[in-house]
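Visitor: Could you take me through one part of this structure slowly? I'd like a close look at the place where the two chains meet, and then a short stroll around it.

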Amino acid sequence: MRRAVLYAAVIAGALVMLFPFAWTVITSITPGAGLGSPDLIPDEPGLDAYRTLLDAMPFWRILANSLWIAVASTLLQLVTSAMAAYAFARLNFPGRNALFLVYLATLMVPMQVLVVPLFIEMRELNLVDTYAALLAPSIASAFGVFLLRQAVAQVPIELDEAATIDGAGHLRIFVSIVWPLIRPALATFAVLAFMSSWNSFLWPLVVIRSPELMTLPLGLSTLHGQFTTEWDVVMAGSVISIVPIAVLYLAAQKYVIQGVARSGLK
Amino acid sequence: MSTATTGRPTRPATQPPRRPGKRHRNTLRYGGNRLRYAGIVALFLAPSLVPLTLFTLVPMVSSLWVSLHDWNLITPMEFVGLANYRELLSDGDTWAAFGHTLGYIAGYLPLVYVLGLAAALALNTALRGRNVFRAAYFLPVVTSWVVVALLWRWLLSPANGLVNHLLGLVGIDGPGWWTDPAWAMPSVILASAWKDLGFVMIILLAGLQSVPGELYDAARVDGTSAWQRFRYVTLPLLSPSTFFVVVISLINGFQVFDQVYVMTGGGPAGATEVVVQQIYDLTFRYGRAGDASALSWLLFVVVLVVTIIQVRGQRRWVTYA
């Protein structure tokens, strides 16, 4: 009896969590949705909204932008963070701890503080409304350095020593010993970095003007300004932007949840 | 450091095996000549240090500098000292923005914690298919804020949104949600709690899984009720995870922006004008970059102080087993 109640509650909860996604899809295939509440099963389902969407803005271009920016910033952050992590865990140089504190301090400063001066800096560099500006703040990640340093520190130092005796230098040790051994941490960080780039909004909003350079969240928000009451079009855009991240999440669920549980990042 | 001068071990064939130990490690770290070593350090650090300096440290410092000026982003800056801070602190809009932000936190934090805790407790039992449920509850967390905000704007649309439609079926005349100044913030809170409860659930699940089962067995032997076990075993042992959730949620709560910008844009009638929305409006709508920078530092200081207070105060209620 108690189990039945528990099941009922958990299923009801799952409905509340999942139904809005289904509603997005239903709305997107109900022509004229927004004039009235759509039916659960549309009378005359159609893909008009998707056609309108593709006519209204370079949507495939925007999707491609989001994808390549997310992939590029993830790869960049993986390499730059892992290298710094190696330096902090394995190399011995004066001021190492102080420098690590500087890295940590940048973690505490939110994007909101940086957004105005960063915009001004981009303007000085003539980079406003370019891919470079979009990518610039996510080349390096202090959070990634922090996360990966722990992982590097856990690699047994005896492996480095053995490799050194075999004549390997630091670069060689990093590439062929440390990198393969910290792969689980790299995967966790990669998923988090990809998600945060894919979903980032404030910075693209500030620095991008041209529709051809927009990423999905920005494109969607301007779409909403354009089609204020045509909810089928807005929801069609939402469906297209949910699918890739949902697929990635389901494929890498273990790493996503591990990463979130360990770091509190989302 | 005498070993530093002996050079790094090179060809293994000609080198006698070294004894492992402290001396050996020092050789590893200080091996080679110093200049070469410095080059290696630079090689590993530069890829992150250069961009962090350019795109985080420099903006940080220049933000402080801009906050001491009047600047409309076009004409030259004019130094005004701390006047921006003084003006902000005596400006009703600033206090209103902090008030709205606190109002958001006051609604959001208890709601998301209770819902997340309920989900964690339910899914920590031996339910069939609990991994599927966990995945379902977590899905909104990975979805972008813009998508979630648009979706909830649509669900809560006063005229023909699903929520008011369903309320109408049971004879309730739904409110105006984000079009009504009194209901706009609750709308944002509702959407935010829906999105984040999976995050709270995952953190608390990790905490629950580290509670040893013997404690519950012992409590049962003592004849406790389920509520007593929850109150005196689960909650105290969960307090480190709760602490973590509260710290993170407060930081994120003070920085709330995306969902507000998309759902209400700060309106209606400024009812949801939170601090970051204000920073955005000051800069890009009113061209008051100096005030915006000063406000962002005020926000940073508030978040920092609140976080420090929590870390200091955690001894009173957080139990580390």
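Guide: Happy to! Let's start with chain B, where 38% of the 321 residues are buried. Keep in mind that this is a predicted model. Chain B has 13 helices and 2 strands. If you take its contacts between residues at least 6 apart in sequence, 68% of them join residues at least 24 apart.

Now for the meeting place. Chain A puts 73 residues into the contact, and chain B puts in 73 residues too. On the chain A side, helix α1 (residues 2-28) supplies the largest share, with 11 residues. Sorted by class, that side of chain A has 47 nonpolar, 21 polar and 5 charged residues.

Let's zoom in on one crossing. Helix α5 of chain A (residues 111-124) and helix α2 of chain B (residues 34-66) have axes that come within 8 Å and cross at roughly 100°. Angles from 65 to 115 degrees count as roughly perpendicular, so that is the word for how α5(A) sits relative to α2(B). Who makes the contact? From α5(A), the residues are Val113(A), Leu114(A), Val116(A), Pro117(A), Leu118(A) and Glu121(A). From α2(B) come Phe55(B), Thr56(B), Val58(B), Pro59(B), Met60(B), Ser62(B), Ser63(B) and Val66(B). Split by class, the residues of this contact are 10 nonpolar, 3 polar and 1 charged. Here's a handy rule while you look at helices: an α-helix has 3.6 residues a turn, so residues three or four places apart point the same way.

Stay on α2 of chain B for a moment, as Leu52(B) is found in that helix too. Is Leu52(B) buried or exposed? The cut-off for buried is 20 or more other C-beta atoms within 10 Å. Leu52(B) has 23 such neighbours, so it counts as buried. Setting aside its neighbours within four places in sequence, Leu52(B) is in contact with Thr106(A), Ala140(A) and Ala142(A) from chain A, and with Leu57(B) from its own chain. As for Leu204(B), its C-alpha is 33 Å from that of Leu52(B), with their positions 152 residues apart in sequence.

One of those partners, Ala142(A), leads us to another helix. Helix α7 of chain A covers residues 142-154, which is 13 residues. From first C-alpha to last, α7(A) reaches 19 Å, close to the 18 Å expected at 1.5 Å a residue. Ala142(A) is itself buried, and the other buried residues listed for α7(A) are Phe143(A), Gly144(A), Val145(A), Leu147(A), Leu148(A), Arg149(A), Ala151(A) and Val152(A).

Have a look at helix α10 of chain A as well, at residues 183-199. It has 17 residues and reaches 24 Å from its first C-alpha to its last, close to the 24 Å expected. Because 13 of the 17 residues of α10(A) are buried, this helix is largely enclosed by the rest of the structure.

How do these pieces fit with the records? An unreviewed UniProt entry puts the feature "domain: ABC transmembrane type-1" at residues 63-252 of chain A. That span is 78% helix and 0% strand, and its end C-alpha atoms lie 21 Å apart. UniProt, again in an unreviewed entry, also places "transmembrane region" at residues 67-88, 100-120, 132-152, 173-195 and 233-252 of chain A. In the model, residues 67-88 of chain A are 100% helix, with end C-alpha atoms 31 Å apart. Residues 233-252 of chain A are 95% helix, and there the ends are 30 Å apart.

To finish, here are a few backbone oddities. After α5 of chain A, Asn126(A) lies in the loop between α5 and α6 (131-135). Its phi is near 60°, a positive value in a residue other than glycine. Asn126(A) has 10 C-beta neighbours inside 10 Å, so it counts as exposed. Over in chain B, Leu73(B) also isn't a glycine, yet it has a positive phi of about 75°. You'll find Leu73(B) in the loop between β1 (69-70) and β2 (78-79) of chain B. With 17 C-beta neighbours inside 10 Å, Leu73(B) counts as partly exposed. Last stop: a cis peptide bond joins Gly267(B) and Pro268(B), with omega about -10°. Pro268(B) sits in the loop between α11 (258-263) and α12 (275-284) of chain B.

Methods:
Residues are numbered from 1 along each chain as its sequence is written. Chains are lettered from A and ligands numbered from 1 in the order in which they are written. This is a predicted model: local features need pLDDT of at least 70, side-chain atom pairs count only at pLDDT 80 or more; totals for chains, interfaces and linings use all residues. UniProt positions are given in the numbering used here, feature names are shortened, and annotations may be inferred rather than shown by experiment. Helices (H or I, at least four residues) and strands (E, at least two) are DSSP runs, numbered from the N terminus. Two residues are in contact if their C-beta atoms, placed from the backbone, lie within 7 Å. Ala, Val, Leu, Ile, Met, Phe, Trp, Tyr, Cys and Pro count as nonpolar, Asp, Glu, Lys and Arg as charged, and the others, Gly among them, as polar. A residue is buried if 20 or more other C-beta atoms lie within 10 Å of its own, exposed if 12 or fewer, and partly exposed in between; C-beta atoms are placed from the backbone. The expected span of a helix is 1.5 Å times one less than its number of residues. Axes are lines fitted to C-alpha atoms, for helices over the stretch in contact, and angles run from 0 to 180 degrees between N-to-C directions. Angles under 35 degrees count as roughly parallel, over 145 as roughly antiparallel, 65 to 115 as roughly perpendicular and the rest as oblique.
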